[in-house]
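Trainee: I should like to examine this structure with you, one question at a time. May we begin?

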Amino acid sequence: HAPSQLSAMKSYQAIYLRWQAPPRAKDGDWATYYVIYRFLRTEPIDLDDATKIIGISREQGEFFVDKTVQSGSDYRYVVTAVDNLHNESTPSD
């Protein structure tokens, strides 16, 4: 399942992302880690483009800090959940 309730909070030099962990899958697997993608507002969302991955979160808790933002840029973020067999979910909302 995909993460839900993705939100972003902008600070002076970073964007703080938070999301809700997905429920357990039908096969009993939980999300093991999350993949964070960043796209410019004008770009299509294409999860096959690995150059858009800005981070992988294996930490406890569902958050990520993007410290590579550039002033004046307008971004869209997508987070996917990955299970212990590396099956990637559909994108977050």
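**Contacts, cores and rings**

Mentor: Let us begin with Ala81, bearing in mind that the model is predicted. With neighbours within four places in sequence left aside, Ala81 is in contact with His1, Pro3, Pro22, Ala31, Tyr33, Tyr34, Asn87, Glu88 and Ser89.

Trainee: Which strand gives the most residues to the largest nonpolar core?

Mentor: The largest nonpolar core has 11 residues in all, including Leu6, Trp19, Phe64 and Ala81. At least two of its residues come from each of β2 (15–20), β3 (33–40) and β6 (75–82). With four residues, the strand that gives the most is β6.

Trainee: How many residues does the other core have?

Mentor: This other core lies apart from the largest one. Among its members are Tyr37, Phe39, Val78 and Val82, and its residues number six.

Trainee: Are Tyr37 and Phe39 stacked or edge-to-face?

Mentor: Both Tyr37 and Phe39 are buried. A search of the whole structure finds three aromatic pairs. In the pair of Tyr37 and Phe39, the ring centres are 6.4 Å apart. Planes under 30 degrees apart count as stacked, and the planes of these two rings are at 10°, so the pair is stacked.

Trainee: Over which ring does the charged end of Arg38 sit?

Mentor: For a charge to sit over a ring, CZ of Arg must be within 6 Å of the ring centre. The charged end of Arg38 is 4.4 Å from the centre of its ring, which belongs to Tyr75.

Trainee: How far from the ring centre of Tyr33 is the charged end of Arg58?

Mentor: Arg58 has its charged end over the ring of Tyr33. Its distance from the ring centre is 4.5 Å.

Notes. Residues numbered from 1 in each chain as written. Predicted model: local features only at pLDDT ≥ 70, side-chain atom pairs only at ≥ 80, totals over all residues. Heavy atoms only, no water. Phe/Tyr/Trp six-rings, centres within 6.5 Å; stacked < 30°, edge-to-face > 60°. Buried < 20%, exposed > 50% of the residue type's maximum accessible area, 1.4 Å probe, protein only. Lys NZ or Arg CZ within 6 Å of the ring centre and 35° of its normal. Core = buried A, V, L, I, M, F, W, Y, C linked by side-chain atoms within 4.5 Å. Contact = heavy atoms within 4.5 Å.
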